[in-house]
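Below are some notes on the model you sent, arranged as numbered points. Please read them with the structure open beside you.

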Amino acid sequence: MHIVEFTGGTLRFLDHLPAHAPTTGFVWIYLEREELAAQADTVQKAAQRLGGSPILDVHVADLDNALHPSGYDYTSIYDLVVFRRLATEAEVRAESGYSPAPARGELRTFAGIRSRAVGFVSFDRLLISVHPASCYTAEGFIKRFLGDAVQAEGLSAAARNRLPISPADLMLRMINVMVDSYLELRKQLNTELDTWQQDLLAPAARGRADWRAYLTARTALHTLEDLSEGQRDAMQEWLDTMREQPAPGMPQAERDSLLARARDVIEHIHRVLQHVRRMEQGAETAIQIHFSALSHRTNEVMRVLTALTAVFLPLNFITGFFGMNFEYLPLIHSDKAMWVMLGIMLLTLLTVVLVFWRKRYLDRTGR
């Protein structure tokens, strides 16, 4: 568990709970979910001493639930935000174990999409955040703050301005980093999906499409869509509450800054949601084009077979007619009959082919 105090434009790391909340700053308590059960008493003591109210048992259960969807709840004293972020590749490997790299053409990145729940309890002067083990967001902020703390004495005005001004501000900054992590992922998703679509539509790939990879990608895109919708709804509810019930005594400038940052987070989530839906539409369009190409190829084959059948139909009739077992048939006893019938059959063949060619029945494009 880490305890960081922000006050007077500076920060410092503490090894124990302060006796009271700072009057011009706030305290951030960060712990991993696996620590929550063992540190529950300390967390409740901090909430009571620094926030003014213990955390409700139902909210503690929400923080301890690794499968909890994104959501927002509140009391008269604090806000609770559960935000699901994308898991890193290392976290996915740790969860599923090592597996050989899939063959080229499979949608590898889609198969590795997972999410993790991060919980925030935001008081006026206290932020408690519960993260999964080795959370890159919390570790990134801890390292940044450690670097600033080393030079705390000579911290420049610009560096002090970069520090969060309230628990809600720090929460929004961490959530924004979690949302922006998708921007790094989408390039890989686009590249793999484009490659798969090109392979799908290649003539040599007809009949050998990797449908299992497509189903995996489709499930992953639905997961991303649900994830983004839950994130958007949670942050929109928090924003609506902040507008309708601002914290008492909060300066207007600070409130405007929080609202602007929250709108920016929601706009980023909305962009992610739009991008996921565009990829879903692109995949569905590629599937439709694939089946249209297969249908077109089948139509070409059937047209050729039909034309061949029509060309040889009169010839089959002639040979069948003169092959009947009757004694009296035209030309049957003539020594020139074979050459006459061959000429008639050849003329019939050329006539049918000419008619089909004029009507474009034999055109490969089917126009």
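1. How much space lies in the second largest pocket? In this predicted model, the volume of the second largest pocket comes to about 580 Å³. Its lining is made up of 28 residues, and those closest to the centre of the pocket are D124, P246, A247, P248 and M250.

2. As to where the lining comes from, at least two residues each are supplied by strand β4 (71-74) and by the helices α8, α9 and α10 (252-322). The element that gives the most to the lining of this pocket is α9, with 3 residues.

3. The lining of the second largest pocket is mixed in class, since the count gives 16 nonpolar, 8 polar and 4 charged residues.

4. Two of the contributing helices, α8 and α9, also pack against each other: α8 spans residues 167-201 and α9 spans residues 211-244, and their axes lie 12 Å apart at an angle of about 160 degrees. Angles over 145 degrees count as roughly antiparallel, and α8 and α9 are therefore roughly antiparallel to each other. The crossing of these two helices, α8 and α9, is left-handed.

5. On the α8 side, the contact between the helices is made by A168, M171, L172, I175, Y182, L189, W196 and L200, while α9 brings W211, Y214, L224, M235 and W238. Sorted by class, the contact of α8 with α9 holds 13 nonpolar residues, with no polar and no charged ones, whereas the lining of the second largest pocket includes 8 polar and 4 charged residues.

Notes: Residues numbered from 1 in each chain as written. Predicted model: local features only at pLDDT ≥ 70, side-chain atom pairs only at ≥ 80, totals over all residues. Heavy atoms only, no water. Axes fitted to C-alpha atoms, helices over the stretch in contact; angles between N-to-C directions. Helix = DSSP H or I, 4+ residues; strand = E, 2+ residues; numbered from the N terminus. Parallel < 35°, antiparallel > 145°, perpendicular 65-115°, else oblique. Left-handed = near helix turned anticlockwise from the far one by under 90°. Contact = heavy atoms within 4.5 Å. Nonpolar A, V, L, I, M, F, W, Y, C, P; charged D, E, K, R; others polar. 1 Å grid on protein atoms, 1.4 Å probe; cavity = no way out; pocket = protein on both sides within 12 Å on 5 of 7 lines; lining within 4 Å. Points joined across faces, edges and corners; volume = space filled by probe spheres on them.
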